[in-house]
Amino acid sequence: MDLMIHSTTFLLPDIPADSGFSLLYSLVVLNQPLPKFTPLLWNHARFRVCADGGANRLYDEFPQLFPDEDAFAIRKRYKPDVIKGDMDSIRAEVLEFYSNLGTKTIDASHDQDSTDLHKCVAYIRDLPNLDKQNLCILVAGALGGRFDHEAGNINVLCLFSTIRMVLLSDDCLIQLLPSSHRHEIHIQSSVEGPHCGLIPIGIPCKSTTTTGLQWDLTDTEMRFGSLISTSNIVKGKIVTIRSDSDLLWTISIKKA
Ligand SMILES: Nc1ncnc2c1ncn2[C@@H]1O[C@H](COP(=O)(O)OP(=O)(O)OP(=O)(O)O)[C@@H](O)[C@H]1O
Ligand SMILES: Cc1ncc(C[n+]2csc(CCO)c2C)c(N)n1
């Protein structure tokens, strides 16, 4: 079984050259209060997309993250490549502002069966000339809001389970660990942990084995209605996980 290595180096200002593998990051900005570290994600990303009302957040909240600088200059510096969604949340002045700067806008209002995040991830997946092997999609503002939206955002992890993707809020991150691989999570203890969880999603998982946690699992069954691993604690520098079903990995993010 092949090994997948995960590391939250995108929360560091500079990704260490010896981190062992290099990913091509894309960023999706959602319509939720933006995490404080969003400018860091922006700088690491090669491609930036706003999901509908996410563009309002970029327009309104990025200048607040740089209070000493001119708001117009900040909005020009942080120009998204694409705004996509059903366009029922983006304000007209915001749409006009970024269109005038050259942002591509895609009105997908004909599709009322998939979320704006789903539409944005499908767009990134289908970009020509993008190395999908090394793609990792960072999603800012995915957690901590309306539960139907949070569940929809987690469903996007499941819908695109072969793409590396990380849902982020100020408080924590979530990613999917496909059962097709064994996993090594290289903990960046300056920015994440120690609280973490491993959660089966959709179906029960018959067997999960871990190392590096305070409450390690050994061929353990997990399902809702029985055991799931919440309020676990990272102990080692590396956590290893092997499971017969896809799992969600979640870890707390430290306040700066
Ligand atoms: N409260 C929230 N919590 C988590 N994610 C959110 C929340 N609000 C929006 N999002 C995410 O941002 C994306 C864009 O948000 P937007 O408000 O434009 O969507 P929408 O489909 O118009 O929402 P609504 O259901 O309110 O009509 C959504 O697809 C969702 O992924
Ligand atoms: C069973 C079912 N439930 C809810 C919706 C509504 N919906 C889901 S995604 C979306 C677009 C949001 O931008 C909307 C309106 C649906 N179509 N089908």
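A polar contact here means a pair of N or O atoms within 3.5 Å. With that in hand, let us begin at ligand 2, where a nitrogen atom of the ligand is 2.7 Å from a polar backbone atom of Gln112. Please keep in mind throughout that this is a predicted model.

Two side chains join the backbone of Gln112 in meeting ligand 2. Asp113 places a polar side-chain atom 2.8 Å from a nitrogen atom of the ligand, and Asp86 has a polar side-chain atom lying 2.8 Å from an oxygen atom of ligand 2. On its own, ligand 2 has 450 Å² of accessible area, and the protein covers 42% of that. The surrounding residues are Asp86, Gln112, Asp113, Ser114, Thr115 and Asp116. Sorted by character, this shell holds 3 polar and 3 charged residues, with no nonpolar ones.

Now let us move to ligand 1. How many residues surround ligand 1? There are 17, and the closest are Asn31, Asp88, Ser89, Arg146 and Asn153. Three side chains are worth selecting in your viewer. In Asn31, a side-chain N or O atom is 2.9 Å from an oxygen atom of ligand 1. For Asp52, the distance from a side-chain N or O atom to an oxygen atom of the ligand is 3.1 Å. Ser89 also has a side-chain N or O atom 3.1 Å from an oxygen atom of ligand 1. How much of the accessible area of ligand 1 does the protein cover? The answer is 82% of the 620 Å² that ligand 1 has on its own. Helix H5 (116-125) and helix H6 (147-159) are the elements that each give two or more residues to this shell. By character, the shell around ligand 1 is made up of 9 polar, 4 charged and 4 nonpolar residues.

Next, step back to the whole chain. It is divided into domain 1, which covers residues 17-170, and domain 2, which covers residues 172-256. Their C-alpha centres lie 26 Å apart. Where the domains meet, 12 residues of domain 1 are in contact with 11 residues of domain 2. Together the two domains bury about 930 Å² between them, and 68% of this area is on carbon and sulfur atoms.

Finally, two details of the backbone deserve a look. Most residues other than glycine have a negative phi, and most peptide bonds are trans. Which residue has a positive phi although it is not a glycine? Met87 does, with a value of about 55°. You will find Met87 in the loop between strand E4 (82-85) and helix H4 (92-101). The other detail concerns a peptide bond: Gly193 and Pro194 are joined in the cis form, with omega at about 5°. Pro194 belongs to strand E10, which spans residues 192-200.

Notes:
Residues numbered from 1 in each chain as written. Chains lettered and ligands numbered in written order. Predicted model: local features only at pLDDT ≥ 70, side-chain atom pairs only at ≥ 80, totals over all residues. Heavy atoms only, no water. Near = heavy atom within 4 Å. Polar contact = N/O pair within 3.5 Å; in protein donor to acceptor, adjacent residues only side chain to side chain. Areas by Shrake-Rupley, 256 points an atom, 1.4 Å probe, with all protein chains shown as cover. Helix = DSSP H or I, 4+ residues; strand = E, 2+ residues; numbered from the N terminus. Nonpolar A, V, L, I, M, F, W, Y, C, P; charged D, E, K, R; others polar. Domains from an automatic or database assignment. Contact = heavy atoms within 4.5 Å. Buried area = accessible area lost by both parts, 1.4 Å probe.
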